[in-house]
Amino acid sequence: MNKSYEIYLDRGVLHPGHPPIIAHGVMAVSTKELKAGTILSLSNGEYSPCGSSGTPAGVLLEDVAVHNASDGTITAPILKHGMAVESRLIDHSGSVDATPNATLVNKLPGVGIFPCQTGWTSSNFQ
């Protein structure tokens, strides 16, 4: 297993069934904490939560704390291509975390992220 992405398996979002492409992206200013598994959209070079009417651009792989413009640039690891455990995906485009609806989940394969039903962790490889 490629050690470069093994560190993200503990959150239960990333599935190692297909080699992932992970990039660090700039997060938009946020008044709420974002959790690993949040489906993200990209606008003006910054990532923010994607709702069912938006176009997904990735899945957040680590929690991101509340931050404002005075905190400077915040970056986070984002799954750009690969497999994500569907039960760990989050729609945080509203005021609270929610299970993403089928419309949003069904858009993910179009951007190279393939939802799957089960998760693996590093303990599967020991």
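Ser-48 counts as partly exposed, with a relative accessibility of 23%. This residue belongs to a predicted model. The protein in that model has two helices and seven strands. The points below start with Ser-48, then turn to the whole chain, to Ser-30 and to the cysteines.

**Ser-48 and its surroundings**
- Ser-48 sits in strand 4, which covers residues 46–49.
- Its relative accessibility of 23% is not under 20%, so Ser-48 misses the label "buried". That value is not over 50% either, so Ser-48 is not called exposed.
- Ser-48 is in contact with Ala-28, Ile-39, Leu-40 and Ser-41, leaving aside neighbours within four places in sequence.
- One of these partners, Ala-28, lies 20 residues from Ser-48 along the chain. In space, the C-alpha atoms of Ser-48 and Ala-28 are separated by 5.6 Å.

**The whole protein**
- Along the sequence, the elements follow the order α-β-β-β-β-β-β-α-β. The pattern opens with a helix and ends with a strand.
- The protein has 126 residues, and 40% of them are buried.
- Take the contacts with a separation of 6 or more: 65% of them join residues 24 or more positions apart.
- The accessible surface comes to about 6400 Å². Carbon and sulfur atoms account for 50% of that surface.

**Ser-30, a serine in a loop**
- Ser-30 is found in the loop between strand 2 (21–26) and strand 3 (39–43).
- Ser-30 counts as buried because its relative accessibility is 10%, and the cut-off for buried is under 20%.
- The side chain of Ser-30 reaches the backbone oxygen of Lys-32 at a distance of 2.6 Å.
- Ser-30 also touches Val-66 and His-67, not counting residues up to four places away in sequence.
- Set the two serines side by side: Ser-30 is buried at 10%, whereas Ser-48 is partly exposed at 23%.

**Cysteines and disulfides**
- A disulfide is a covalent bond between the sulfur atoms of two cysteines.
- How many disulfides does the structure hold? The count is zero.
- Cys-50 has a relative accessibility of 1%, so Cys-50 counts as buried.
- Cys-116 has a relative accessibility of 11%, so Cys-116 counts as buried.

How values were computed:
Residues are numbered from 1 along each chain as its sequence is written. This is a predicted model: local features need pLDDT of at least 70, side-chain atom pairs count only at pLDDT 80 or more; totals for chains, interfaces and linings use all residues. Side-chain values use heavy atoms; hydrogens and water are left out. Helices (H or I, at least four residues) and strands (E, at least two) are DSSP runs, numbered from the N terminus. Buried means under 20% relative accessible area, exposed over 50%, partly exposed in between (1.4 Å probe, protein chains only). Contact means heavy atoms within 4.5 Å. Accessible areas come from the Shrake-Rupley method with a 1.4 Å probe; for residues, only the protein chains shown count as cover. A polar contact is a pair of N or O atoms within 3.5 Å; within protein, one must be able to donate a hydrogen and the other to accept it, and residues adjacent in sequence count only if both atoms are side-chain atoms. A disulfide is a pair of cysteine sulfur atoms within 2.5 Å.
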